[in-house]
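Here are my notes for anyone opening this one for the first time. Have the viewer ready and follow the points in order.

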Amino acid sequence: MGKKVTVVGAGFYGSTTAQRLAEYDIFDTVVLTDIIDGKPAGLALDMNQSRPIEGFETKVVGVTTGTNGEGYEAIEGSDVVVVTAGLPRKPGMSRMDLLEVNAKIVRQVAENIAKYAPNAVVIVVSNPVDEMTALAQLATQFPKNRVFGQAGVLDTARFTNSIAETLAVPVKSVKALTLGSHGDTMVPVPSRCTVDGKPLSDLLPAEKIEELVVRTRNGGAEVVALLKTGSAYYAPSAAAARMAKAVVEDSGAVLPVCAWVDGEYGISGVYLGVEAQIGAEGIKKVVEDKLTDTELAGLKEAAEAVRAKQADVANL
Ligand code: APR
C-alpha cells in the first residue's frame, strides 16, 4: 500500500519538512495541517506545482484543522505523523520557556492523532522537545516505542558541520554524535567523533573541542539570535524528514533520537537523547555504546534534568 505521512503545523519547520518529504518521492501522500485558514492548502498547492520541475509524484494535501478535531479525518491511515505545531522561541528565550504554551497545543494535537491515526508512529519536534515527546506519549497512550522526538540528528549535524568547517574537510568525512537533552544538558560526545576514521582528539586540542561542544549546545540559540524572529528550520526539517524516512522504509538506521530509555546506561523511565535503531514500529531498540566517564555522567545529569520536567507535563 502507498505510504502516507502527516506533518502537523505548517509554519517554517512544518512546511520545509513537508517539502523535503514530498521531494523524497517515497510517499503517496504528504498531509500538511495547521489551524490557520487556507495556509496549509496554499502551501500544498505551491508544493504540488513544483512537482513537474523537481520531478516527484507525491501529492501534498493541505488541511486546516479546528480545535475540536475538525479536519483531522485527513490524517487517517498515516504511517507517520510529525508534530511541529507550537510556538518557536524568540531571542533570549530558552526552549523551556515554551513549555506551558506548547504543552496545550501538543496535547490537543496528540489526542487527535490517537483518534484519527491510531496506528501511526509519532515524531515530535515541538519544543521543549524532551518534554513534548513525553507529553505526546501520555496524551496518545501509544506504546513508547511508537512516540519519539527529534533532537540528536539535528544537534549531531550542527556538531558535524562545525568540525568540518574548523578542519576544512568535507562533512562526509566527519562522524560525530550528541546525546542527552535538546537543551542545556545536551551531551556532545567527542569520544565518538572521528574525521576520516581518526579520533577528533588527535586532530584538535582539547580547548578547541570544548569550544565546538559549547557551540553545538548553543546551536539553536545562535540561529535564533541572528534571525531575530523564529527559530531554525532548514537543518531541523532535514533531521525530522530523515527520521520519518527511516520509519517508512523500515531501514533499521541507527540515529540519535529522543527515545524512551528503560535500563540502558543505567537510566530508566525517561525520554532522553540516545542512539536508537529506527524502523516501521518506531524505535526498534535503544543502542548502548561506550562513553567516557565524563560523558556518561553528563548523560545521567541530563536524564535527571528532563525527568523532573517530564513529570510536570502530566498536569499541563
Ligand atoms: N494544530 C496545528 N498547528 C498549530 C496548532 C495546532 N493546535 N497550534 C499552532 N499551530 C501552528 C501555527 O499556526 C504555526 O503555523 O504551528 C505553526 C508553528 O509555526 P512557526 O511559528 O513558523 O514555528 P516553527 O519555526 O515552524 O517551529 C515549530 O518547532 O523547533 C520547534 O521551537 C519550535 O516549537 C516550535 C516548533
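The points below go from the overall layout to a few strands.

1. A word of caution to start: what you're looking at is a predicted model. Keep that in mind for everything that follows.

2. Start with the big picture. The protein splits into domain 1, covering 4–149, and domain 2, covering 152–313. Their C-alpha centres sit 22 Å apart. Each side brings residues to the contact: 38 residues from domain 1 and 38 residues from domain 2.

3. How much area is buried between domain 1 and domain 2? About 3,400 Å², with carbon and sulfur atoms giving 70% of that. On the domain 1 side, look for R95, D130 and F148: these lose the most area to domain 2, and together they make up 18% of what that side buries. If you go hunting for salt bridges across the interface of domain 1 and domain 2, the count is 0.

4. Now zoom in on strand β2, residues 29–34. Is this strand buried or exposed? Mostly covered, it turns out: 6 of its 6 residues are buried. Both faces are covered. T29, V31 and T33 lie on one side, V30, L32 and D34 on the other, and all of them are buried.

5. Who are the neighbours of β2? Strand β1 (residues 4–8) runs parallel to β2 and is joined to it by 5 bridges. To find the register, pick V8, whose bridge partner in β2 is T33. Strand β3 (residues 59–64) is also parallel to β2, with 6 bridges joining the two. Here the handy pair is L32 of β2 and its partner G62 in β3.

6. While you're there, trace the chain from β1 through helix α1 (residues 12–24) to β2: these elements make a right-handed β-α-β unit.

7. Last stop is another sheet, this one open, with 3 strands in the order β7-β10-β11. Which way does the pairing run? Antiparallel. As a reminder, strands of a sheet pair through backbone hydrogen bonds, and parallel or antiparallel are the two ways to do so. The edge strands are β7 (174–175) and β11 (198–199), each pairing on one side only.

8. For a close look at that sheet, go to β10, residues 194–195, which pairs with β11 over 2 bridges in the antiparallel sense. V195 stands opposite K198 of β11, so to speak a good place to centre the view.

Methods: Residues numbered from 1 in each chain as written. Predicted model: local features only at pLDDT ≥ 70, side-chain atom pairs only at ≥ 80, totals over all residues. Heavy atoms only, no water. Buried < 20%, exposed > 50% of the residue type's maximum accessible area, 1.4 Å probe, protein only. Helix = DSSP H or I, 4+ residues; strand = E, 2+ residues; numbered from the N terminus. Pairing = 2+ DSSP bridges. Right-handed = clockwise from strand over helix to strand, strands pointing away. Domains from an automatic or database assignment. Contact = heavy atoms within 4.5 Å. Buried area = accessible area lost by both parts, 1.4 Å probe. Salt bridge = Lys/Arg side-chain N within 4 Å of Asp/Glu carboxyl O.
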